[in-house]
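Colleague: I'd like to go through the ligand site and the pockets with you. Could you put the model up?

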Amino acid sequence: MKKLIAGNWKMNMTLDTAIALAKDITAQAGQAQADYLICPPFIYLDRIAAIVEGSAVNLGAQDCSFNDNGAHTGDISAAMIKDIGATYVILGHSERRTDHGETDDIVHQKAARAHEHELTTIICVGETNEQREQGVEQDVVAAQLKGALPSSVTSTNTVIAYEPVWAIGTGKTATPEDAGSMHSFIREQLGAQFDDPENVRILYGGSMKPENATALLSMPNIDGGLIGGASLKAKSFVRIGGCA
Ligand code: PGA
């Protein structure tokens with residue numbers, strides 16, 4: 001399957017730098033072997049939608065509300081994200097789980113809402129360092145998948161991102177073997193919720209960069225990357241796609 005190279009810009013950039021980065025990525029991703037996706041902060045989505053329109057670069061948000069609309073101060077709905085031309089939404093990122101207390105149940109509700117509005121969800125799972133040291137990483141990830149995936153998931157509207165928390169933004173990357181073995185485990189687990197688990201894209205995230213992307217992306221069940229730090233420079237982000 002074609003790899004998906006997704007950039008999670010998190011809470012970075014100014015309007016000027018966001019526009020410049022989106023233009024650079026769009027210009028460089030033209031001949032891509034991989035599918036590209038960028039997920040800027042909400043406030044820049046509308047401006048960036050106009051830049052990526054008609055290009056090989058897809059647009060996504062970093063979160064959405066589980067409510068459809070109404071009195072929910074500060075929230076952004078799935079319908080609004082769809083309305084401005086984005087097609088993906090990242091849900092359950094470990095930073096949202098930590099900063100905002102998001103549980104699997106909340107992620108489940110958000111994903112169901114996003115699917116109602118025809119967004120493709122990237123649902124993040126992953127263990128902490130402590131959980132890996134205790135040897136419970138598979139139990140943790142299995143429980144997250146079971147709790148966070150709504151019955152509306154299909155292999156076209158859902159992507160899974162395995163992001164070991166200890167590898168996010170730390171410069172520490174899972175070895176290709178460890179990541180590959182978790183990805184195979186995830187694929188097996190998906191059999192319970194998908195008719196065709198072999199077609200679900202499973203991304204690796206956690207300090208992925210051009211220097212380690214080839215080894216990670218060559219593992220059988222690693223279908224792309226969710227990239228934070230290295231997605232903030234067009235050259236490194238696009239180069240990761242070139243490793244696919
Ligand atoms: P990182 O972030 O590439 O900076 O480790 C990945 C992520 O959090 O999605």
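Colleague: How many residues surround the ligand, and which are the closest?

Modeller: This is a predicted model, in which local features need pLDDT of at least 70, side-chain atom pairs count only at pLDDT 80 or more, and totals for chains, interfaces and linings use all residues. Residues are numbered from 1 along each chain as its sequence is written, and side-chain values use heavy atoms, with hydrogens and water left out. The ligand is surrounded by 13 residues (each with a heavy atom within 4 Å of it), and the closest are Lys 10, His 93, Glu 163, Gly 169 and Ser 207.

Colleague: What lies 2.7 Å from an oxygen atom of the ligand?

Modeller: An N or O atom in the side chain of Glu 163 lies 2.7 Å from a ligand oxygen, and a backbone N or O atom of Ser 207 is 2.7 Å from an oxygen atom of the ligand. The protein covers 95% of the 280 Å² of accessible area (Shrake-Rupley method, 1.4 Å probe) that the ligand has on its own.

Colleague: Which pocket does the ligand sit in?

Modeller: The ligand sits in the second largest pocket (more than half of its atoms lie within 2 Å of the pocket's grid points). A pocket here is an open set of points on a 1 Å grid over the protein atoms alone, where a 1.4 Å probe fits, with protein on both sides within 12 Å along at least five of seven lines, and lining residues have an atom within 4 Å of a point.

Colleague: And what volume does the largest pocket have?

Modeller: The largest pocket has about 580 Å³, and among its 23 lining residues Phe 42, Gln 62, Asp 63, Arg 96 and His 100 are the closest to its centre.

Key: A polar contact is a pair of N or O atoms within 3.5 Å; within protein, one must be able to donate a hydrogen and the other to accept it, and residues adjacent in sequence count only if both atoms are side-chain atoms. Grid points are joined across faces, edges and corners, and a volume is the space filled by probe spheres set on the points.
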